[in-house]
Amino acid sequence: MIPKIQYTKSGNLSIAYQVFGSGPVDLVYIPGWISNIDWMWACPELVDFFEELGKVARIILFDKRGTGLSDRIVELSTLEERMEDIKAVMDATNSKKAILFGHSEGGSVSALFSATYPNRVLALITFGIFAKRRYSEDYPWAPTDEERQKVYDMIEHNWGSGEMNLESLVPSKANDRQFMSWLASYFRSGASPRAALKLTKMNTQVNIIDILEYIKVPTLLMQRTNDIDVKIEEGKFISERIKDAKFVEFDGNDHLFWAGNTQEVLEEIKTFIRELPPCDNCHKKRLATMLFGHMFTVSNNGIQSQMLEEIIQQKGGKILTIEKKFFVASFEVPSKAICTGMSLLNTYREKAIPFAAGIYMKESDDSQITPLDHRDNYMITSILSLIKPNKIVVTQAIKHLLSGVAFNFTKNTSILTYKTHQLCKLYHVTDKSNTHVKTSFPYSFSKYDSFLEDVLKIIDEHLDNNNFGVEMLTKETGVSERKLQRRIKETTGKSPGQLITFIRLNKAKSALVGKIDTVAEIAFKFGFSSPSYFSKCFKKEFGIRPTEVVRTN
């Protein structure tokens, strides 16, 4: 019998879930890319797997936001938001503690949850997990930008068809027409083409490398030797960074755990669950987000502690230190720290008081009131030495966890990680709603596709860099210059160089109309080498000089 489908709220979104099984412990399954808990029950292999698992655990299934029976969303969701979905489902099912079983992308959010809420996690189990989904020299197994673009194109043009190359996810079932037909239907029912594309782009931004060291719960990582989608080296990389993690390598090349040698996988999980040590509040440490603020000039009364406490407590924060010009507070998750920092920045700006804030992550006790230590002093001093008034700076770990939300992150500089020679990148963070970059497509191009969407985003990120041109755009997109020329010409009728100038000029025009800055300031802000050159380009594009736009508005 198919379990009853129920709903709970995560924020203002409805999340669909099911509960079944008779085991003594709870296990929450966090699916990979796309799921549909209704359609799962049409696959005998998957049903058999979960029914067997249900003999040792009470199983909780759910569809993450944007997929399956849960509310569909238009914008990208972050790992943090998806982590809160897990928490909402656990609360709805009265699950105080549970084993998290994350598959593929679901393993990434399971890992973050385990670091952030360890006293709600009995253990972490993953299959086919990755730490990031974008190639870099220190993580060479992830797809390149060009490889990811091919996936985007496939989703846009062949979603749910036989050209999706689903056989690569499950080679052992490639000739099983019934299974492959179910898998294609499962993906189609789990997400629309637009939703699937958004989810895939969100996956491209995933990076949990910086939080792996904070996972202290018992951990079982499983991977197949020749998995095409997620390389075996990725699982080994992760296991080396989680203390006492158990890594199990299985023969085969299926990315889906319910195909191939499923009995071996199932027995490994059941044995791991049976052998779990008792744990009652045994995890004394958890991942926390630290916000510090600094006033550059002292008002009559310095920081008003009552006002500060109200703003911080509204987001669930706890003040650790407060002085006349400086404070430090702790939060459960990064987004709450950023929102608090922005509220304070706006409050002090209205009072004409120069203020800046820095945000980083650390291991804290569960009460979030751990005294500041040498690492805190180092992080705060290092960031403060580089930060400018009226800015909020965050570390790379926070940027990675929140990419895709209502924040813009702009690379600022770097500091050395505490007691190492590794660089930690710092980013300025701003509220997207306060910028003048529209999320919809404001240009009357003949055709939009995911590639052009990415190109426009890249150009937006480099608007103030007058050295940004075709060469840098080619490098950022990960395609050859010839292919870049062809694809941009097809969709916009412009060359890449013309498109960059066109975007700069349109953004500058909006700024002139809004009277945000002077003509000279706007020229430099949008990447023009001089006001005179800006005026010349502007007149050529719009038939009017920038100064005339200012006068007529």
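Before the sheet itself, a definition: two strands are taken to pair if DSSP finds at least two bridges between them, and the strands (E, at least two residues), like the helices (H or I, at least four residues), are DSSP runs numbered from the N terminus. What I am showing is a predicted model, in which local features need pLDDT of at least 70 and side-chain atom pairs count only at pLDDT 80 or more, while totals for chains, interfaces and linings use all residues. Residues are numbered from 1 along each chain as its sequence is written, and side-chain values use heavy atoms, with hydrogens and water left out.

Let me begin with the sheet. It is open and is formed by 8 strands in the order 1-2-4-3-5-6-7-8, with mixed pairing. Strand 1, residues 6-10, and strand 8, residues 246-250, stand at the edges with a single partner strand each, so one side of each of them has no neighbour in the sheet. On average, and ignoring direction, neighbouring strands are turned by 25 degrees against each other, where axes are lines fitted to C-alpha atoms, for helices over the stretch in contact, and angles between N-to-C directions run from 0 to 180 degrees.

Starting at the strand 1 edge, strands 1 and 2 pair in the antiparallel sense over 5 bridges, and Thr 8 stands opposite Ile 15 in strand 2. These two strands form a hairpin with 2 residues between them, and Gly 11 in the turn has a positive phi of about 65 degrees. Strand 2 is in turn joined to strand 4 by 4 bridges, the two running antiparallel, and here Phe 20 stands opposite Ile 59 in strand 4. Of the 8 residues of strand 2, 7 are buried, which by the cut-offs used means under 20% relative accessible area, whereas exposed means over 50% and partly exposed lies in between (1.4 Å probe, protein chains only).

Further along the sheet, strand 5 (residues 98-103) and strand 6 (residues 121-127) run parallel and are joined by 6 bridges, with His 103 opposite Phe 127 in strand 6. Helix 3, residues 105-116, packs on the sheet and touches strand 3, strand 5 and strand 6, its direction making about 145 degrees with that of strand 5; contact here means heavy atoms within 4.5 Å. Helix 1, residues 44-53, lies across strands 2, 3, 4 and 5, and runs at about 140 degrees to strand 4.

Now to the charged side chains. The structure holds 26 salt bridges, each defined as a side-chain nitrogen of Lys or Arg within 4 Å of a carboxyl oxygen of Asp or Glu. One of them joins Lys 55 to Glu 52, with the closest N and O atoms 2.7 Å apart; Lys 55 is exposed at a relative accessible area of 54%, while Glu 52 is partly exposed at 26%. Both belong to a network of salt bridges that also links Glu 267 and Lys 270.

A second pair, Asp 85 and Arg 65, meets at 2.8 Å, N to O, and connects distant parts of the chain, since Asp 85 is in helix 2 and Arg 65 in the loop between strand 4 and helix 2, 20 residues apart. Both of these residues are buried.

A third pair is Lys 198 and Glu 453, at 3.7 Å, N to O. Lys 198 lies in helix 6 (residues 193-205) and Glu 453 in helix 13 (residues 450-461), so this salt bridge ties together parts that are 255 residues apart in sequence. Lys 198 counts as buried at 15% relative accessibility, and Glu 453 as partly exposed at 24%.

Which side chain of opposite charge is nearest to Asp 63, which is buried yet has no salt bridge? It is Arg 72, 7.4 Å away, with Lys and Arg counted as positive, Asp and Glu as negative, and His and the chain ends not counted. Asp 63 lies in the loop between strand 4 and helix 2, and its side chain reaches the backbone nitrogen of Leu 69 at 2.9 Å. Leaving aside residues up to four places away in sequence, Asp 63 touches eight-residue surroundings that include Ile 15, Ser 35, Asn 36 and Ser 70.Lys 132, in the loop between strand 6 and helix 4 (145-158), is likewise buried without a salt bridge, and Asp 138, the nearest side chain of opposite charge, is 4.2 Å away.

Notes:
A polar contact is a pair of N or O atoms within 3.5 Å; within protein, one must be able to donate a hydrogen and the other to accept it, and residues adjacent in sequence count only if both atoms are side-chain atoms.
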